[in-house]
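Biologist: I have not looked at this one before. Can you take me through it?
Modeller: Here it is.

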Amino acid sequence: MQRADADLFKRRAENQIQRAPLQKVGTPADVAADVFWLATGASLITGTVLSLDCGLHLNGDG
């Protein structure tokens, strides 16, 4: 099952790469690494929402 039109996804990914400060699109492995860090090493974080958006929120896009 394909979740999104491949051409639409490609256009959105290219747009994110151009706009995001980290100039990338996050992968499932990137998200897993951040979740692992939260579960094992983020001892001072409580009750917050993390944006895993490669910095798009810094542009007012988040």
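Biologist: How do the residues lining the largest pocket divide into nonpolar, polar and charged?
Modeller: This is a predicted model. In the lining of the largest pocket, four residues are nonpolar, three are polar and four are charged.

Biologist: Which residues are they?
Modeller: The lining consists of L22, K24, G26, D30, V31, D34, S51, L52, D53, C54 and G55.

Biologist: And how much space lies in that pocket?
Modeller: About 230 Å³.

Biologist: Switching to charges. How many salt bridges does the structure hold?
Modeller: One. K24 pairs with D30, and their closest N and O atoms are 3.2 Å apart. Both K24 and D30 also belong to the pocket lining.

Biologist: Is K24 buried or exposed?
Modeller: Partly exposed, with a relative accessible area of 34%.

Biologist: What about D30, at 28% relative accessibility?
Modeller: D30 counts as partly exposed, because that class lies between the 20% limit for buried and the 50% limit for exposed.

Biologist: New topic. Which residues make the nonpolar surface patch?
Modeller: V31, V35, W37, L38, I45, L50 and L52 make a patch of about 580 Å². Among them, V31 and L52 also line the largest pocket.

Biologist: Where does I45 lie?
Modeller: I45 is in the segment that follows α2, the helix spanning 28–41.

Biologist: Why can I45 count towards a surface patch?
Modeller: Patch residues need over 30% relative accessible area. I45 has 34%, so I45 passes that cut-off. With that value I45 is classed as partly exposed.

Note on methods. Residues numbered from 1 in each chain as written. Predicted model: local features only at pLDDT ≥ 70, side-chain atom pairs only at ≥ 80, totals over all residues. Heavy atoms only, no water. 1 Å grid on protein atoms, 1.4 Å probe; cavity = no way out; pocket = protein on both sides within 12 Å on 5 of 7 lines; lining within 4 Å. Points joined across faces, edges and corners; volume = space filled by probe spheres on them. Nonpolar A, V, L, I, M, F, W, Y, C, P; charged D, E, K, R; others polar. Salt bridge = Lys/Arg side-chain N within 4 Å of Asp/Glu carboxyl O. Buried < 20%, exposed > 50% of the residue type's maximum accessible area, 1.4 Å probe, protein only. Patch = residues over 30% accessible without salt bridge, like charges linked within 9 Å, V, L, I, M, F, W, Y side chains within 5 Å. Areas by Shrake-Rupley, 256 points an atom, 1.4 Å probe, with all protein chains shown as cover. Helix = DSSP H or I, 4+ residues; strand = E, 2+ residues; numbered from the N terminus.
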